[in-house]
Protein chains: 2
Amino acid sequence: MTSVLKIGIAGLGTVGGGVLRLLQAHADLLAQRSGRRIVVAAVSARDRHRDRGVPLDGVRWYDDAVALAADPEIDVVVELIGGANGVAKTVCETAIAHGKPVVTANKALLAVHGPDLAARAEEAGVALAFEAAVAGGIPAIKGVREGLAGNRIDGVFGILNGTCNYILTEMRTTGREFAEVLAEAQKLGYAEADPSFDVDGVDAAHKLAVLAALAFNARVEFDDLHIEGIRQVSALDIAYAQELGYRIKLLGIARRTEQGLSLRVHPCMVAEASPIAHVEGVFNAVVAQGDFVGQVMMTGRGAGAGPTASAVVADLVDLARGLKVPVLGIPAARLERAAVLPMDHRRGAYYLRLMVVDRPGVIADVAAAMRDQQISVESLLQRGRSPGDAVPLVIVTHETDEAAMTRLLAALGALDAVLEPPHVIRIEDL
Amino acid sequence: MTSVLKIGIAGLGTVGGGVLRLLQAHADLLAQRSGRRIVVAAVSARDRHRDRGVPLDGVRWYDDAVALAADPEIDVVVELIGGANGVAKTVCETAIAHGKPVVTANKALLAVHGPDLAARAEEAGVALAFEAAVAGGIPAIKGVREGLAGNRIDGVFGILNGTCNYILTEMRTTGREFAEVLAEAQKLGYAEADPSFDVDGVDAAHKLAVLAALAFNARVEFDDLHIEGIRQVSALDIAYAQELGYRIKLLGIARRTEQGLSLRVHPCMVAEASPIAHVEGVFNAVVAQGDFVGQVMMTGRGAGAGPTASAVVADLVDLARGLKVPVLGIPAARLERAAVLPMDHRRGAYYLRLMVVDRPGVIADVAAAMRDQQISVESLLQRGRSPGDAVPLVIVTHETDEAAMTRLLAALGALDAVLEPPHVIRIEDL
C-alpha cells in the first residue's frame with residue numbers, strides 16, 4: 001500500500017452517502033490521525049445520477065460491485081450493499097480473494113457467514129472490519145474485542161434495534177398501541193415500509209449473533225438464536241410494567257452458562273432503576289460483563305447516516321494505521337461451535353397477564369395451576385371491577401424456568417375463565 | 001520482539017496485584033487473542049515479601065524500578081507506581097529511551113507530561129499506552145481515539161471519580177451530610193485516608209486533561225483547568241436538586257467553543273431524565289460528542305484492582321497484536337496548545353441557595369440584585385416559615401454567564417438579610 005489509502009465503496013445508499021460526506025468533511029483531520037490520506041477511488045451503486053451531496057468527479061464508477069471489488073487500483077473495499085447473501089457476499093469474498101481488506105456494515109452477512117468470511121480473510125492475511133454492523137456509531141465491536149480483551153466475557157446484551165426502542169419508548173410516553181406508533185414511525189422514517197426485519201427481532205438477532213461470537217470467541221450459528229419481536233407488546237402491559245417498577249425493552253441477550261450459551265432476543269421487563277431502562281428512543285446500548293472489569297455499558301445512536309458513517313470510517317482509520325486483529329477475537333481456525341442452552345432452560349421471573357372473567361374463584365383456579373407447576377407468586381394485581389366481564393389479572397412470578405412456564409400457560413389456557421391466550425414478558429435482572 | 005511478550009511491572013500495589021492475577025488466570029485465552037504469550041519477566045515494588053496471591057518464582061526482582069525499565073530482557077514496561085513526577089516519570093522515560101513500549105495507569109503523569117512523553121515515545125518509535133489512566137475498566141481512551149476517529153469531537157465529559165460519585169449517591173439516598181458519608185467511605189476503603197485528591201476534584205481533572213487532549217488532539221495544560229470538588233455540596237442542596245428534577249454529580253467537562261476550550265471540573269446539576277444522572281455509586285461515565293456520531297456514553301467501574309487490571313491488560317494485548325496509534329490521536333509533534341475559554345465565559349443556568357432572614361422584602365431585594373445583572377428567574381422556592389430566623393431561599397436562573405453570576409453573588413453577599421455566602425451549583429444541559 002502507498003501513503004494514500006484508496007478505497008472503493010460498493011453501495012451508496014444512506015450510509016454510503018454519509019461515508020462520502022464524512023470523508024470529504026474531515027479529509028485533513030483523518031490524514032493527521034491515520035498518517036495517510038483516505039481517498040475514494042471508486043464507487044458502485046444502482047443509480048448513477050442521484051445527488052449524494054458530494055461531487056464524484058474523477059471517481060471511477062462501477063455498475064458491477066463485484067468488478068469494483070477486484071479493481072487492482074483499490075486498497076480497501078467498503079461493502080454497504082447489505083443482505084446475508086447475494087452480491088454483498090460476493091463482493092466481500094472477491095475483495096478478500098484479491099488480497100484486499102474489507103470494511104462492511106452488513107450485520108446479516110456477518111451473523112450468517114461471519115466465521116467463514118473471517119477464515120477467508122485471515123488466510124488471505126487481510127482485515128475484515130465491521131464496527132458499523134452492530135449498534136451504529138457505538139464502538140461496541142472494538143470495545144468488546146480490544147477494550148475488554150483481558151476478560152473472559154460471561155455475558156453481552158443490549159438494546160440492538162433503534163426502531164423497536166423508539167416504538168416502545170413512544171408507546172410508554174404516549175400510551176398508544178403498537179400499530180399506531182409503528183405507522184407514525186414509518187411516516188417519520190424511523191421504520192421501514194416493511195418493518196418485519198426490525199419489529200420481529202431479526203435485525204437485533206443478527207447483531208447479537210455477531211456480538212456473541214466476539215464475546216465468547218465462539219462459532220455461533222444464527223439458527224440457534226431464539227427470536228421474538230415486539231408486535232405482541234400492548235399499551236396495557238407497558239402501563240402495568242410502569243406500575244410494577246419496570247420498563248419494557250427489546251433486548252438481545254447472550255450469556256455463558258454451564259450448560260451452554262443462552263442466545264435470545266425478546267421483549268424484557270427491566271427494573272426502572274437499571275441504567276439500561278433509561279436508554280430511550282432511537283438509542284442503542286451494548287453491555288458486556290467481564291470477569292475482571294464487571295459490567296461496561298456503551299450507548300449511542302444505533303443507526304442513521306452520521307453514526308454509521310462514523311463507524312465505517314473508524315474502521316478505515318484503523319486500516320490506515322495498520323491495525324491487525326483476529327476478526328472474531330481469536331484466529332478463525334480456532335473458533336469452536338458453541339453448545340447452546342435450550343430456551344426451556346431459561347431461568348428467571350415472569351410477568352403474566354390474563355384476561356379473565358370477573359367472578360369469584362378465578363384467582364383460586366389460577367393459583368392452583370401455578371402451585372401444580374411449583375411457580376410462586378411475587379405479586380398479583382386485579383384492577384377494575386366489572387362483574388361477569390373481562391378484567392386483566394396480572395401476576396409477577398418468583399424465579400422459575402421456561403419449561404414450567406410453558407406448562408403453566410397450557411394449563412391456564414384450558415381454564416374457562418381465561419378469555420385470551422396469556423400475555424407473558426420475561427423479567428431480566430441485569 | 002520474540003513470540004513471547006516479556007513484561008516488567010513497576011509497582012505491585014492494588015492494580016499491580018490485579019494485573020498479576022489476571023495474566024495468570026487468562027494466560028491461555030490471552031495467548032489466543034494476542035497471538036503470543038504475555039509473560040511477567042520482572043517486577044519491582046517496595047515490599048518483596050508481601051503475598052500478592054500469585055507466585056513470583058522465576059520472576060526477576062528489582063528494588064530499583066528504573067533499573068527494571070532498562071532491563072534488556074524486557075519487551076514492555078508497565079508503570080503502576082503513580083505520581084506526576086519522581087520515579088514514575090523516570091521509569092517511563094527510561095523505558096522509552098531504551099526503545100521499550102510503556103503501559104501506564106498514571107493519570108497524573110499523563111495530565112502533566114502527556115504531550116512530552118508522547119513526543120519521546122513517537123521519536124523512539126514505541127507505544128505509550130494508558131487506557132487504565134482514565135475511568136478504570138471503561139475502554140474510554142480507545143473509544144475516543146480509535147472508535148470515534150471519524151469525528152471532529154466537540155465535547156467530552158463525564159463522571160471521572162468514583163469516590164465522589166459514591167459519596168454523592170450515598171448523600172442522596174440517605175440524606176446524610178458530606179463529612180459523615182466521607183468517613184464511612186474511608187472505613188469501607190472507597191476513599192483514601194487523605195481524600196483531598198479525590199474530593200477536591202484533582203483526580204477527575206487529571207483524567208479530564210487526558211481525555212481533552214485526545215478528543216481535541218490538542219496540547220492541554222493542566223493548569224488551565226478550572227477545578228472544584230464536592231466538599232461544599234450539602235444534604236440540603238441535594239434534597240432541593242431532587243425536588244427540582246435534578247441530580248448533583250461531579251463532572252469533568254471539556255467543550256470546544258468558538259473562543260477556545262472550556263475545561264472544568266465542578267459539581268453540576270443534571271436533569272433526572274438524562275442517562276448520566278443514573279450512573280451511580282462507584283461507577284464512572286465518559287460521554288463524547290462527535291459531529292457525525294452524536295453522543296456516545298460509556299459507563300463502568302472506574303477503579304479497583306479488577307477493572308484497572310482489565311484496562312492495563314487490554315493495552316498489553318494491543319501491544320502484542322502490534323497496534324500502532326499516535327499516543328494522543330495525532331502525531332505529538334503536531335499537537336498545538338489549545339486556547340482556553342476563561343471560566344467567566346461559562347454560559348448556562350445556575351442553582352442558587354441563600355440563607356436569608358425570614359422577613360418581608362427580602363425577595364424584593366434579591367430580585368432587584370438579579371435584575372441589575374440581567375439574570376432572570378426560572379423558579380424560586382422559599383419553604384418553611386420561621387419569622388425572624390434563617391430560611392433557605394432557592395432560585396434557579398435562566399441562562400446567563402459566570403461573570404454576571406460572580407457580580408450577583410457579590411451583590412447578594414452585601415445584603416443584610418443574606419446570612420451565609422450563597423451556595424451555587426451550575427446546571428448543565430448535557
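This dialogue walks through several features of a predicted two-chain model.

Q: Which conventions should I keep in mind while reading this model?
A: Residues are numbered from 1 along each chain as its sequence is written, and chains are lettered from A and ligands numbered from 1 in the order in which they are written. Since the model is predicted, local features need pLDDT of at least 70, side-chain atom pairs count only at pLDDT 80 or more, and totals for chains, interfaces and linings use all residues, while side-chain values use heavy atoms, with hydrogens and water left out.

Q: How are the two copies, chain A and chain B, related?
A: In general, two copies of a chain are related by a rotation about an axis and a shift along it. Here, chain A is superposed on chain B by a rotation of 180° with 0.0 Å of shift along its axis, at an RMSD of 0.0 Å, and the two copies are thus related as by a two-fold rotation axis. The superposition is by least squares on the C-alpha atoms of residues with pLDDT of at least 70 in both. Of the residues of chain A, A:Met298 comes closest to the rotation axis, its C-alpha lying at 2.2 Å. The same surface serves both copies, in that 100% of the contact residues of chain A recur in chain B, where contact means heavy atoms within 4.5 Å.

Q: Which residue does UniProt list as "active site", and where does this residue lie?
A: UniProt positions are given in the numbering used here, feature names are shortened, and annotations may be inferred rather than shown by experiment. The unreviewed entry lists A:Lys207, a residue of helix H10 (residues 202–216) of chain A; helices (H or I, at least four residues) and strands (E, at least two) are DSSP runs, numbered from the N terminus. A:Lys207 counts as buried because its relative accessibility is 4%, given that buried means under 20% relative accessible area, exposed over 50%, and partly exposed in between, with a 1.4 Å probe and protein chains only. Apart from neighbours within four places in sequence, the contacts of A:Lys207 include A:Lys107, A:Asn161 and A:Asn284.

Q: Is A:Thr14, from the "binding site" annotation, buried or exposed?
A: The unreviewed UniProt entry includes A:Gly13 and A:Thr14 under that annotation. A:Thr14, in helix H1 of chain A, counts as exposed at 56% relative accessibility, whereas A:Gly13, in the loop between strand S1 (4–10) and helix H1 (14–25), is partly exposed at 32%.

Q: How many salt bridges are there over all chains, and what do they join?
A: Side chains of opposite charge can pair when their charged atoms come close. With a salt bridge taken as a side-chain nitrogen of Lys or Arg within 4 Å of a carboxyl oxygen of Asp or Glu, the count over all chains comes to 62. One of them pairs A:Arg256 with A:Asp154, the closest N and O atoms being 3.4 Å apart; A:Arg256 lies in strand S10 (residues 246–257) and A:Asp154 in strand S7 (residues 153–159), so the pair ties together parts that are 102 residues apart in sequence. In chain B, B:Asp237 pairs with B:Arg353 at 2.5 Å between the closest N and O atoms, and both residues are buried. Salt bridges that share partners also join residues of both chains into one network, among them A:Arg145, A:Asp318, B:Arg145 and B:Asp318.
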